[in-house]
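Here are three short exercises to work through with the model open beside you. Try each task before you read its solution.

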Amino acid sequence: MSFQSKNMNYIFNIEYFDGIEIPRKEKEASEKSVKEIKKRNKEIEEFSFQGNQIPVAELENASYEKRYSYQSFQLYTRYPGLLTGIGYPHDIKMNGAVKCGFLFDYVTGLPYLSGSTIKGMLRSLFPGDAMSSEDREYEAYIKGLLNKGEEFRLQGLKDHLFEYNDRFLGAYPNVANYDKGILKMEYITPHKKFLDPNPISILKVKPNVPFVFSFLLTDYKINGQVAVSAEEKRDLMKKLILDIGIGAKTNIGFGRFTEYRTPENYELKI
């Protein structure tokens with residue numbers, strides 16, 4: 001089967017299952033069905049997103065209220081890659097089939113990180129009112145990134161970033177000049193005993209894929225004076241994402257980014 005749609009969201013969530021005989025038990029899948037699933041996995045890996053425009057690209061030159069400033073930065077995925085939306089259902093009882101969901105933009109079919117995901121991850125790094133020792137470490141860390149002294153209160157900046165009108169527009173792969181497939185099969189292996197592994201097939205964005213993170217930001221002012229500009233907010237969020245990572249399974253290396261593309265002669269062959 002060759003997929004008919006040009007939208008990966010539809011392919012992954014609808015066409016992927018078309019015509020497949022779903023067995024009652026994983027090991028009872030027919031040889032024909034297993035072979036077909038392998039073929040479809042390969043087609044997903046080779047799928048070209050070239051020509052798909054980032055949904056927020058047109059906002060760069062759009063007009064806004066005077067207080068808003070469009071801000072963006074581009075980062076590259078690092079090995080082993082990026083996982084997003086793996087908590088969504090995509091269960092099929094068959095060896096080799098993709099068992100976890102994945103987040104694709106409904107309109108363009110591009111894999112992406114939603115604005116709410118980025119906002120939630122960044123907000124979690126800012127300390128709350130009743131600070132633990134870990135919160136104090138994060139407070140010192142963020143103040144250091146901002147180059148602000150002890151007298152600067154992060155709570156005001158936190159409220160301005162996350163509770164008022166700053167807008168998180170999400171992150172999309174910049175595939176305009178990227179002619180390679182950007183998706184790859186991956187496997188995670190949860191197990192209770194070392195001798196009882198349970199490999200689960202999942203989908204990931206490969207390393208070295210450029211992602212554009214976009215925002216509509218405002219200056220944070222104290223007593224009428226700019227304390228943290230929109231540009232400084234952007235740079236802070238960039239540094240936090242570079243240091244902490246984003247997406248699923250960051251504790252085992254996924255969701256890490258770098259500012260520069262890894263040279264081809266250093267790139268891991270995956």
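**Exercise 1.** In this predicted model, find which helices each supply at least two residues of the lining of the second largest pocket.

*Solution.* Start with the lining itself: Pro127, Gly128, Asp129, Met131, Glu139, Lys143, Glu150, Phe152, Arg153, Leu154, Gln155 and Lys158. Next, set these against the helix ranges: α4 (133–146) and α5 (154–162) each supply at least two of the residues. The largest share, 3 residues, comes from α5. Now sort the lining by class, which gives 4 nonpolar, 2 polar and 6 charged residues. To finish, the volume of this pocket is about 160 Å³.

**Exercise 2.** Decide whether α5 is largely enclosed or not, taking buried to mean under 20% relative accessible area.

*Solution.* First list the buried residues of α5: Leu154, Gly156, Leu157, Lys158, His160, Leu161 and Phe162. That is 7 of the 9 residues in the helix, so α5 is largely enclosed by the rest of the structure. Then look for the partners: the buried residues pack against α3 (115–123), α4, β2 (167–173), β6 (220–222), β7 (225–228) and α6 (230–244).

**Exercise 3.** Work out which residues have the most contacts inside the largest nonpolar core.

*Solution.* This core has 68 residues, and the best-connected within it are Ile118, Leu157, Leu183, Phe213 and Phe257. Leu157 is also one of the buried residues of α5. Now take Phe257: leaving out residues up to four places away in sequence, its contacts include Leu75, Tyr76, Leu113, Phe211, Phe213 and Ile246. Finally, note a second, separate core of 8 residues, with Ile86, Ile188, Ile200 and Ala248 among them.

Note on methods: Residues are numbered from 1 along each chain as its sequence is written. This is a predicted model: local features need pLDDT of at least 70, side-chain atom pairs count only at pLDDT 80 or more; totals for chains, interfaces and linings use all residues. Side-chain values use heavy atoms; hydrogens and water are left out. On a 1 Å grid over the protein atoms alone, a cavity is a set of points where a 1.4 Å probe fits but cannot get out, and a pocket is an open set with protein on both sides within 12 Å along at least five of seven lines; lining residues have an atom within 4 Å of a point. Grid points are joined across faces, edges and corners, and a volume is the space filled by probe spheres set on the points. Helices (H or I, at least four residues) and strands (E, at least two) are DSSP runs, numbered from the N terminus. Ala, Val, Leu, Ile, Met, Phe, Trp, Tyr, Cys and Pro count as nonpolar, Asp, Glu, Lys and Arg as charged, and the others, Gly among them, as polar. Buried means under 20% relative accessible area, exposed over 50%, partly exposed in between (1.4 Å probe, protein chains only). Contact means heavy atoms within 4.5 Å. A nonpolar core is a set of buried Ala, Val, Leu, Ile, Met, Phe, Trp, Tyr and Cys residues joined through side-chain atoms within 4.5 Å.
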